Amino acid sequence: MTQESEDVVIKVREHGPYKVTGPVTLTDAQGTPLPVPDDGALILCRCGRSRTKPFCDSSHARPGGTTCVHAGLPPAKEGEPLFPSPVFAAPFHFSGDPTEGGEPFYGRYANPTWGGWERAIGDLEGGEAVAFASGMAAIAAVLLTTLQAGDVLVLPSDGYYTVRTLAERRLAPHGVEVRLVPTDDAAIRAALPGASLVWIESPSNPSLDVVDIAALATAAHDEGALVAVDNTLATPLRQRPLELGADLSVASATKQLSGHSDVLLGYVATREPARLTELQGWRTETGAIPGPFETWLAHRSLATLAVRVDRQEATASEVARMLAARDDVHDARWPGLGCVIALDLVTAERAQAFLAASELLAEATSFGGVHSTGERRARWGGDDVSPGLVRLSIGLEDVRDLVADLAAALDASTGSAPG
């Protein structure tokens, strides 16, 4: 975009920030005039979009620690806490006729505590968000409000297995065709003809495969399909699916987003008002609402998200380097982001011995918390993985302590492989 005046031509690029002082005419990409500050100063932020505020408002830039700390908070008010307390009310004082977007009147429709967390998630994802009672409640809301008899769902065969279970048990019997394909660009492209909804999990869980979301979103839209991305593993700090062309970004906030292993929560983010309204209606009608205390905990935890992600990724990098250097680890995967590592120890016996020998790993089936955890994924029977595949979730322990502990546990487990 270029703005011209008699004195200056401003070319907006992905560098800066720029400060331009002087008479200018500012328009958007469609040529619509935009206001310029009274002092004549125009600041262009690093993201390449003009702003007439002294600082970028972060609605279009990649979020970071500042967004995590301040997103969704109400305006400062004298005598009020920095972070408001949760609201537990079921009914609210309400007189007269209801109006769209008006004050809350009953807790199944809206809650101020949800609202703050939803605004925060919207800021992080670059859209508007709807909170749900769990990640699966959010996933179910997308699938069941989007698909009907005769539609085609393209779904990862190697992603979170409960999504497959939901599709095969609740959608397929009602006439929805479910096409299961691996998390692979070519495989997904081959399944696109006639698709109604393409579900992408990148990185996938538990194998940590990645795909080109932007390219696949374009290809899916060319075929007339919607695109939903499970963004749980990456978090919006590392990946913003809506900016990559997805119609919906879905996540389990139970994991790294809240990060303390103390809530069940999920959300869907979108930029489409009609789809947002549909999801809100589904939540109200089905009662798939989150608890105010859970959303309060999750919103409080957002303030440390950037710090936790940076620390967990730095440690994960060191753990992955140690694993890659060992001959007794059949395979180790880390996609360069997130806190999850997949390592293959081939046999169930070796994997269980490794988990038992570690002094710092808790054997648990979630990920993203401050405590490092691990589990043998094949124990559940839902994933087509090696019996010795261990999903590690890297926590906030000191990196030297964790690397040393995992190396010692691997050493201790070497005699557990049969033969």
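This briefing walks through helix packing, enclosed spaces and some backbone details in the structure above. The model is a predicted one. Helix α11 is a good place to start, since α10 packs against α11 and α9 crosses α11. After that come one pocket, two cavities of 30 Å³ or more, and a few backbone features in loops.

**Helix packing around α11**

- Two packed helices are described by the angle between their axes and the distance between the axes.
- Helix α10, covering residues 348-357, packs with helix α11, residues 399-413, at an angle of about 135 degrees, and their axes are 8 Å apart. α10 is therefore oblique to α11.
- The contact uses R350, A353, F354 and A357 from α10, together with L406, A409, L410, A412 and S413 from α11.
- Sorted by class, the α10 and α11 contact holds seven nonpolar residues, one polar and one charged.
- The crossing of α10 past α11 is right-handed.
- Helix α9, residues 305-324, crosses α11 at roughly 35 degrees, with the axes coming within 10 Å. The crossing of α9 and α11 is right-handed.
- On the α9 side the residues are R311, T315, E318, V319, M322 and L323, and they meet V399, L402, V403, L406, A407 and L410 of α11.
- The contact of α9 with α11 has nine nonpolar residues, one polar and two charged.
- L406 and L410 of α11 are worth a look on screen: they take part in the contact with α10 and also in the one with α9.

**The second largest pocket**

- This pocket has a volume of about 440 Å³.
- Its lining has 24 residues, and those nearest the centre are Y160, N205, S252, K255 and F367.
- The elements giving two or more residues to this lining are α3 (135-146) and β11 (248-252).
- By class, the lining of the second largest pocket comprises eleven nonpolar, eight polar and five charged residues.

**Cavities**

- A search of the whole structure turns up two cavities of 30 Å³ or more.
- The largest cavity has a volume of about 50 Å³. Its lining is made of N231, T232, T235, P236, A251, S252, Q256, L257 and Y267.
- Four of the residues lining the largest cavity are nonpolar and five are polar, with no charged ones.
- The second largest cavity holds about 30 Å³ of space. L155, P156, G159, Y160, V163, R164, W199 and E201 line the second largest cavity.
- At least two lining residues of the second largest cavity come from each of β7 (152-156), α4 (161-171) and β9 (197-201).
- That lining splits into five nonpolar, one polar and two charged residues.
- Some residues appear in two places: S252 lies near the centre of the second largest pocket and lines the largest cavity, while Y160 also lies near that pocket's centre and lines the second largest cavity.

**Backbone details**

- Most residues other than glycine have a negative phi, and most peptide bonds are trans.
- S202 and P203 are joined by a cis peptide bond, with omega about 0 degrees. P203 sits in the loop between β9 and α6 (213-222).
- N205 and P206 are also joined by a cis peptide bond, with omega about 20 degrees. P206 is in the loop between β9 and α6.
- N205 is also among the residues nearest the centre of the second largest pocket.
- T235 is a residue other than glycine with a positive phi, near 65 degrees. T235 belongs to the loop between β10 (226-230) and β11, and T235 lines the largest cavity.

Definitions and conventions:
Residues are numbered from 1 along each chain as its sequence is written. This is a predicted model: local features need pLDDT of at least 70, side-chain atom pairs count only at pLDDT 80 or more; totals for chains, interfaces and linings use all residues. Side-chain values use heavy atoms; hydrogens and water are left out. Axes are lines fitted to C-alpha atoms, for helices over the stretch in contact, and angles run from 0 to 180 degrees between N-to-C directions. Helices (H or I, at least four residues) and strands (E, at least two) are DSSP runs, numbered from the N terminus. Angles under 35 degrees count as roughly parallel, over 145 as roughly antiparallel, 65 to 115 as roughly perpendicular and the rest as oblique. A crossing is left-handed if the near helix is turned anticlockwise from the far one by less than a right angle, and right-handed if clockwise. Contact means heavy atoms within 4.5 Å. Ala, Val, Leu, Ile, Met, Phe, Trp, Tyr, Cys and Pro count as nonpolar, Asp, Glu, Lys and Arg as charged, and the others, Gly among them, as polar. On a 1 Å grid over the protein atoms alone, a cavity is a set of points where a 1.4 Å probe fits but cannot get out, and a pocket is an open set with protein on both sides within 12 Å along at least five of seven lines; lining residues have an atom within 4 Å of a point. Grid points are joined across faces, edges and corners, and a volume is the space filled by probe spheres set on the points.
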